[in-house]
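Hi there,

Here is the structure you asked about, with some notes to read alongside it. Have a look at it first, and then carry on below.

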Amino acid sequence: MEKIYLKNEQETSEIGYRLGQLLNKGDVVCLIGDLGAGKTTITKSIARALEVDDYITSPTFTIVNEYDGKYSLYHFDVYRISSSEDMYEIGFEEYLYGDGICIIEWANLIEDILPDEYMNIELNYKDEGREMIITPHGKHYENIVKEIIK
């Protein structure tokens with residue numbers, strides 16, 4: 001687990017971009033934390049690193065938005081789902097084990113169906129900025145975290 005203090009949205013964006021440069025097909029990034037603390041900013045920055053040209057919005061009402069870039073990007077917002085079972089109805093496993101990168105906002109709501117290996121990023125307000133807590137689950141994600149914090 002690594003804690004990083006982010007002074008502003010620019011720093012949040014920069015770390016998201018660095019993360020996006022390190023992700024590969026099949027990677028899963030879970031985002032949790034305070035409302036408005038930067039989850040969508042991280043996602044937009046990852047998308048920019050993946051050369052996604054579309055405007056990124058949080059898929060609050062659609063559950064998942066799909067974007068094309070260097071790799072496919074699947075952006076989930078599971079805030080409004082009532083149970084993990086609802087995720088299976090939208091084909092969550094096909095996204096999860098497909099050829100793209102999955103970013104899941106509010107992933108704590110579906111912890112029981114997450115893969116064994118993924119990266120968890122928690123963003124919370126702290127002082128005038130944000131605190132980012134990155135927890136890797138698996139060797140691959142441990143290596144990504146080492147690269148991010150260099």
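Which residue takes a positive phi just after H2? It is Glu 51, with a phi of about 65°. Please keep in mind throughout that this is a predicted model.

Let me stay with that spot for a moment. Glu 51 is not a glycine, yet its phi is positive. The residue sits in the loop that runs between helix H2 (39-49) and strand S3 (64-67). Its relative accessible area is 54%, so Glu 51 counts as exposed. The loop between H2 and S3 also holds Ile 63. Ile 63, likewise a residue other than glycine, has a positive phi, near 75°.

Now for the helix that comes before this loop. How many of the 11 residues of H2 are buried? The count is 8, so the helix is mostly covered. The buried set consists of Lys 39, Thr 41, Ile 42, Thr 43, Ser 45, Ile 46, Ala 47 and Ala 49. What do these buried residues pack against? Their partners are helix H1 (9-22) and a series of strands: S2 (28-33), S4 (73-77), S5 (101-105), S6 (118-126) and S7.

One residue of S7 deserves a note of its own. Strand S7 covers residues 129-137, and Glu 131 is found in it. Is Glu 131 buried or exposed? With a relative accessible area of 17%, Glu 131 is buried, because the cut-off for that label is under 20%. Leaving aside residues up to four places away in sequence, Glu 131 touches Lys 3, Ile 4, Glu 122, Leu 123, Asn 124 and Lys 126.

You may also be wondering about the cysteines. How many disulfides does a search of the whole structure find? The search gives 0. Cys 30 is in no disulfide, and the nearest cysteine sulfur to it, that of Cys 102, is 9.0 Å away. A disulfide would need the two sulfur atoms within 2.5 Å, which is why this pair does not count as one. The same 9.0 Å applies seen from Cys 102, whose nearest cysteine sulfur is that of Cys 30. Cys 30 has 0% relative accessibility and therefore counts as buried. Cys 102 is buried too, with a relative accessible area of 0%.

Finally, here is the overall picture. The protein has 5 helices and 7 strands. Read from the N terminus, the order of elements is β-α-β-α-β-β-α-α-β-β-β-α. The radius of gyration is 14 Å, which agrees with the value near 15 Å for a compact globule of 150 residues. The C-alpha trace spans about 40 × 30 × 30 Å along its principal axes.

Of the 150 residues, 52% are buried. Taking contacts between residues at least 6 apart in sequence, 63% join residues at least 24 apart. The accessible surface comes to about 7800 Å², and carbon and sulfur atoms account for 43% of that surface. As for charge, there are 14 positive and 29 negative side chains, and the centres of the two sets lie 9 Å apart.

Happy to go through any of this with you.

Best wishes

How values were computed:
Residues numbered from 1 in each chain as written. Predicted model: local features only at pLDDT ≥ 70, side-chain atom pairs only at ≥ 80, totals over all residues. Heavy atoms only, no water. Buried < 20%, exposed > 50% of the residue type's maximum accessible area, 1.4 Å probe, protein only. Helix = DSSP H or I, 4+ residues; strand = E, 2+ residues; numbered from the N terminus. Rg over C-alpha atoms; globule rule 2.2 N^0.38 Å. Contact = heavy atoms within 4.5 Å. Areas by Shrake-Rupley, 256 points an atom, 1.4 Å probe, with all protein chains shown as cover. Lys, Arg positive; Asp, Glu negative; His and termini not counted. Charge placed at Lys NZ, Arg CZ, Asp CG, Glu CD.
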